Amino acid sequence: MIVVAGEALIDLVPRAAGALADLQPALGGGPYNTAVALGRLGSPTAFCSRVSSDAFGEALLDGLRAAGVDVSSVQRGNEPTTLAVASIGVDGSAAYSFYVEGTADRLFTVPAQLPDTTRAVSFGTCSLALEPGASAYEELLRSAAAQGVFTALDPNIRAGLIPDADAYRARFTSWLPSVSLLKLSEEDAEWLGGTPHDWLPAGPSAVVVTRGGDGLTVFTRDGAEHSVPGEKVDVVDTIGAGDTVNAALLHGLSARDALSPAALAGLSPEGWAGLLRLAARAAAITCSRAGAEPPYAAELGFL
């Protein structure tokens, strides 16, 4: 089982141009999207978070269940659901404003244990920036790694939620010894002020950098680099594209029995090429439709 740890929230997506356009609520949050994408691809998946008992929270859980995701590790709270108001650029790119004060997911606490069949745990996005939950997710990351569980990290930087950029950058660096696979966008890397060559010696077996429509590149501990181009598609919006990449990478690694740091380090160039093509295709499909709507396995056609 792959466990995805992090926030679930509601994206409010404009239906038209302009600041006062009608907003359509959509299920979202980076980790939430990753869990749904994994479920749709057919990987046994569990979601580990804290979700409101309000109507939005119930809708979020229904979305997970519909994708076949185990929600038995989800904590509940009476606080409201986090809201993210999206704005869509002319190129389909998304920017967000967040309403996070006093919301349920910020009060996540470390679970007593993960499911017995856990092979990997994925972390990322707002959950690692907002206290007190951020410290709980950090503790879960460190404890999972210490137990030999494969860990994946996508920082998915939301700068508006980070009050002290330098402190966050230092904290990010402190996570790396506990990370098996680091995935981030070019924009994230620029904001963090480092490169894969800086981060690999600290812990990860591989670093995958996404370059939007230009594709993906993986950097490995042995100094190798492997790239694939992006798949051409008419972009509706990019909401959930990076989260879909996370899911496709984890799903593909699981299918190759490579959810361990040693197996990841030993993946062949051909193995990496196939894995990155899978992620590129999955992300392209997500970008071709409105909102975070990741593909099902049947839409991909290959592993």
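Two strands pair if DSSP finds at least two bridges between them. That rule is the starting point for this predicted model.

**The sheet**

T210 stands opposite L216 in β13. Strand β12 (residues 206-210) and β13 are antiparallel partners, held in register by 5 bridges. Next comes the pairing of β13 (residues 216-220) with β14. These two strands also run antiparallel, and 4 bridges join them. T217 has S227 of β14 as its bridge partner.

β13 and β14 make a hairpin, with 4 residues between the strands. G223 sits in the turn and has a positive phi of about 90°.

These strands belong to an open sheet of 8 strands. Its order is β4-β1-β9-β10-β11-β12-β13-β14, and the pairing is mixed. β4 (45-48) and β14 stand at the edges with a single partner strand each, so one side of each has no neighbour in the sheet. On average, neighbouring strands of this sheet are turned by 15° against each other, direction ignored. Strands of a sheet pair through backbone hydrogen bonds, either parallel or antiparallel.

Which side chains of β14 (residues 225-228) are buried? H226 and V228 are, and they point to one face. E225 and S227 point to the other face and are not buried.

**Helix α9 and T286**

Helix α9 lies across β12, β13 and β14. Its direction is at about 35° to β14. T286 is part of this helix. Is T286 buried or exposed? Its relative accessibility is 0%, so T286 counts as buried. Leaving out residues up to four places away in sequence, T286 touches D237, I239, G240, A241, T244, G291, E293, P294 and P295.

**Helix α4 and W175**

W175 is found in helix α4 (residues 165-175). W175 is buried, because buried means under 20% relative accessible area and W175 has 0%. Residues up to four places away in sequence aside, W175 touches L128, E138, L141, R142, L153 and Y168. Another residue to locate from here is A202. W175 and A202 are 27 residues apart in sequence, with 9.0 Å from C-alpha to C-alpha.

**The pockets**

The largest pocket holds about 1,200 Å³ of space. It is lined by 48 residues, and the closest to its centre are S185, E187, T238, A241 and G242. Several elements each supply at least two residues of this lining: β2 (9-14), α1 (30-41), β8 (94-99), β11 (181-185), α5 (186-192), α7 (241-255) and α9 (269-287).

The second largest pocket holds about 320 Å³. It has 17 lining residues, and P14, A16, A86, S87 and I88 are the closest to its centre. β2 and β7 (83-88) each supply at least two residues of the lining. Which strand gives the most to this lining? β7 does, with 4 residues.

The table sets out the lining of each pocket by residue class.

| Pocket | Nonpolar | Polar | Charged |
|---|---|---|---|
| Largest pocket | 20 residues | 15 residues | 13 residues |
| Second largest pocket | 13 residues | 2 residues | 2 residues |

Some names appear in more than one part of this report. A241 is one of the residues touched by T286, and A241 is also among the residues closest to the centre of the largest pocket. Helix α9 lies across β12, β13 and β14, and α9 also supplies at least two residues to the lining of the largest pocket. Strand β2 supplies at least two residues to the lining of the largest pocket and at least two to that of the second largest.

Notes. Residues are numbered from 1 along each chain as its sequence is written. This is a predicted model: local features need pLDDT of at least 70, side-chain atom pairs count only at pLDDT 80 or more; totals for chains, interfaces and linings use all residues. Side-chain values use heavy atoms; hydrogens and water are left out. On a 1 Å grid over the protein atoms alone, a cavity is a set of points where a 1.4 Å probe fits but cannot get out, and a pocket is an open set with protein on both sides within 12 Å along at least five of seven lines; lining residues have an atom within 4 Å of a point. Grid points are joined across faces, edges and corners, and a volume is the space filled by probe spheres set on the points. Ala, Val, Leu, Ile, Met, Phe, Trp, Tyr, Cys and Pro count as nonpolar, Asp, Glu, Lys and Arg as charged, and the others, Gly among them, as polar. Buried means under 20% relative accessible area, exposed over 50%, partly exposed in between (1.4 Å probe, protein chains only). Axes are lines fitted to C-alpha atoms, for helices over the stretch in contact, and angles run from 0 to 180 degrees between N-to-C directions. Contact means heavy atoms within 4.5 Å.
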